[in-house]
Amino acid sequence: MPSFEGRELACQRGERLLFHHLDFTLDEGEALILVGANGSGKSSLLRLAAGLSRPAAGALIWDGREITRDLDLHHRRVIYLGHADGLKAGLTVRENVKFWSDLDGARGSLDEALQTFDLTPLADLPARFLSAGQRRRATLARLALDRSQPAQIWLLDEPTTALDRDGQAVLSSLIQRHRSAGGRVMLASHDPLPELLGRRLRVDDHLAAVA
Ligand SMILES: Nc1ncnc2c1ncn2[C@@H]1O[C@H](COP(=O)(O)OP(=O)(O)OP(=O)(O)O)[C@@H](O)[C@H]1O
């Protein structure tokens, strides 16, 4: 079973060293919940784990190899949903989800993914007309797509922002299904879903001293 680890990670944003000496492991079926004050570096750690930025020190290791050896391969094993939704304002909800479906090589029905988050009545509406919670639902619908090669790691930045209780319950059940199938989740949250069991990693325990 491949392991995913961060070893002795340090992260620099601009001129500032944010955190250092940060280690994590994320095994099959596990969830790691990143907690910490605003600005402590939770989003920055998710970006490192996604291979979207490089650590100032340390390494991210998948199955004994640094992810930088083949970043394209790493990107294929990851779904990263950032803080901002990635919706294209001029495309309808269905077209937005279809974009992800094509990119991810999803099989099966788009309608099912839309239905999962109650998006069917909104499917033909351009994304620019959606409410904040509807935008979040449309973004999260990507997690409901049925992929022939499921992503092994979900990296989710504040996925519950603007999401109502029903939406949170749907997200929780998708996460549980993903984990039951051996998937891993790293999630930043100020308000972790109560039903989501997982280890907590306090990013602000690793803050670099402020000069
Ligand atoms: N491109 C950048 N250049 C310089 N500093 C940056 C850049 N991006 C982020 N930062 C800084 O890095 C720090 C950590 O940001 P990050 O978004 O990782 O924190 P966070 O823990 O996710 O915060 P929040 O809880 O507010 O979402 C912040 O002080 C932020 O201003």
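Which helix gives the most residues to the shell around the ligand? In this predicted model, that element is helix α1, spanning residues 42-49, which contributes 3 residues to the shell. The residues surrounding the ligand are R13, G14, L18, G36, N38, G39, S40, G41, K42, S43, S44 and A188. By chemical character, this shell comprises 8 polar, 2 nonpolar and 2 charged residues.

The sheet was examined next. Four strands form an open sheet in the order β2-β1-β4-β5, and their pairing is antiparallel. Strands β2 (16-26) and β5 (65-66) occupy the edges; each has a single partner strand, so one side of each is left without a neighbour in the sheet. Helix α1 packs on this sheet and touches β1 (4-13), β2 and β4, with a direction that makes about 125° with that of β1. In general, the strands of a sheet pair through backbone hydrogen bonds, in either a parallel or an antiparallel manner. Between β4 (residues 57-62) and β5, the antiparallel pairing extends over 2 bridges. Within this pairing, W62 is placed opposite R65 of β5.

Strand β4 also contains A57. This residue has 14 C-beta neighbours inside 10 Å and therefore counts as partly exposed, since the buried class requires 20 or more and the exposed class 12 or fewer. Contacts of A57, leaving aside residues up to four places away in sequence, are made with E8, A10 and H20. A57 and H21 lie 36 residues apart along the chain, yet their C-alpha atoms are separated by 8.7 Å.

A second alanine, A31, is located in strand β3, which covers residues 31-35. Because A31 has 23 C-beta neighbours inside 10 Å, it counts as buried. Apart from residues up to four places away in sequence, A31 touches I175, R179, V185, L187, L196 and G198. A31 and H21 are 10 residues apart in sequence, and the distance between their C-alpha atoms is 21 Å.

The nonpolar interior was also characterised. The largest nonpolar core contains 54 residues, and those with the most contacts inside it are L34, A49, A138, A141, L155, M186 and L187. One of these residues, L187, is also touched by A31. For A141, the contacts beyond four places in sequence are with V97, A113, L114, T116, F117 and L119.

Note on methods: Residues numbered from 1 in each chain as written. Predicted model: local features only at pLDDT ≥ 70, side-chain atom pairs only at ≥ 80, totals over all residues. Near = placed C-beta within 6 Å. Nonpolar A, V, L, I, M, F, W, Y, C, P; charged D, E, K, R; others polar. Pairing = 2+ DSSP bridges. Contact = placed C-beta atoms within 7 Å. Axes fitted to C-alpha atoms, helices over the stretch in contact; angles between N-to-C directions. Core = buried A, V, L, I, M, F, W, Y, C linked by C-beta atoms within 7 Å.
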